[in-house]
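Welcome! Let's take a friendly walk through one helix and its surroundings, and then look at the cysteines.

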Amino acid sequence: MTADVRVDLYPSRGAAEMTTPRQDPVIWSAPGAPGPVAAKELQGFERDGFLTVDQLIGPDEVAGYHAELERLIADPVVRADERSIIEPKSRKVRSVFEVHRISEVFARLVSDERVVGRARQILGSDVYVHQSRINVKPGFGASGFYWHSDFETWHAEDGLPNMRAVSVSIALTENHDTNGGLMIMPGSHKSFLGCSGETPKDNYKKSLQMQDAGTPSDEALTRMAGRHGIKLFTGRAGSATWFDCNCMHGSGDNITPYPRSNVFIVFNSVENKAEEPFAAPVRRPEFIGARDFTPVR
C-alpha cells in the first residue's frame, strides 16, 4: 500500500513568488442560511473580503474590555509570559496572545453571538479559535505590520489546508486615519500569493515583532495595489471589521499621540483543522496556532 500524498492547494515559500487562483469558497454557508449577517453584507464580503459593523459593542462594554486590556498589560506575570510580545525599542507590550484563555472577560467576548455568530455564518460550520490576541499600539512610535496574507502564514507554518478562516478586529480605541489603522486591498482574497524563501526555524519569534518570511515583494504589492486599491479602516471604539484569511493587509507605524488598541480573534472552521505545516520545519506554538479544535459555544 502507498501512503496518501497530501495535496498542497497553495504552494508558498519556494524559490520564486507564484500566484494561485483561490480554490475555495469565500462564503461557505448555503444561500439564505440564518445568521446575523444580511444577504447584502455577505455579497460585499464575497466581493471585497471584509465587512464592517459601526457599533458592535456599546460604550460601557468598550470601557470594560479596555480596562481588562490595561490590567493585562500592566500585570508583570503577563508581561513575562511568552505569550506577550514586547516592542523592541520602547519595551512596551505590543500584543498578548491567547487572550481568551488568559482572561475570562475576553473569553466571554469570543463566545458572544454577535462575534462568533458572524464567523459561523461566513464559514458555514462550527468554529474554534485558531488565534486570539489584544494589540496595543501606543502613540509616539508603535511599529506597524508589513503587508501580508494571514493565510499564507497559517497555511505554511500552522498547516491550515483551506481558506476557511475569518478574523475579526474589534476597536477598543478610536481608529483615526492617522494612528496606524488596518489597511486592506479589497478583492485581494480571490488569489493567493505564494511568497519566496524558506521558513527559518523558530521564525515566529521574529515574525511576531516584524514580518520577514512570507512577505510579498514590492513588485507584487505594486501590482496588487494597482488592481485592487487600498482601503483604510477608521471608526469609533466598539466598531468591528471581519476579514477573510487571505486578504492582503497591513498597518503603518503610529507616530501620533493617539493610541490604537483592539482585540483580534481568528475563527477557523472545525472542518479545516490544522495539520502539519506545509512549508515550515516545525509547528508554531499552540498559543499562536491552536491545536485545540473544541467548538466555541
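## What covers the helix

What covers the buried residues of H1? Keep in mind that this is a predicted model. The cover includes two strands from later in the chain, S7 (165-171) and S11 (240-244), along with strand S2 (50-53) and helix H6 (113-123).

## Two sides of H1

Helix H1 spans residues 39-48, and its buried residues are Leu 42, Gly 44, Phe 45 and Asp 48. These residues lie on the same side of H1, because the arc they cover around the axis is only 160°.

Turn to the other side of H1 and you will find the exposed residues Ala 39, Lys 40, Gln 43 and Arg 47. Just after the helix comes Gly 49, whose phi is positive, at about 95°.

## The cysteines

How many disulfides does the structure hold? The count is 0. Cys 195 is in no disulfide, and the nearest cysteine sulfur, that of Cys 245, is 14 Å away. Cys 195 is also buried, with a relative accessible area of 2%.

Why does Cys 247 form no bond with Cys 245? The sulfur of Cys 245 is the closest cysteine sulfur to that of Cys 247, but the two are 8.2 Å apart, which is too far for a bond; a disulfide here would need the sulfur atoms within 2.5 Å. Cys 247 counts as buried too, at 0% relative accessibility.

Technical notes
Residues numbered from 1 in each chain as written. Predicted model: local features only at pLDDT ≥ 70, side-chain atom pairs only at ≥ 80, totals over all residues. Heavy atoms only, no water. Buried < 20%, exposed > 50% of the residue type's maximum accessible area, 1.4 Å probe, protein only. Helix = DSSP H or I, 4+ residues; strand = E, 2+ residues; numbered from the N terminus. Arc of directions from axis to C-beta. Contact = heavy atoms within 4.5 Å.
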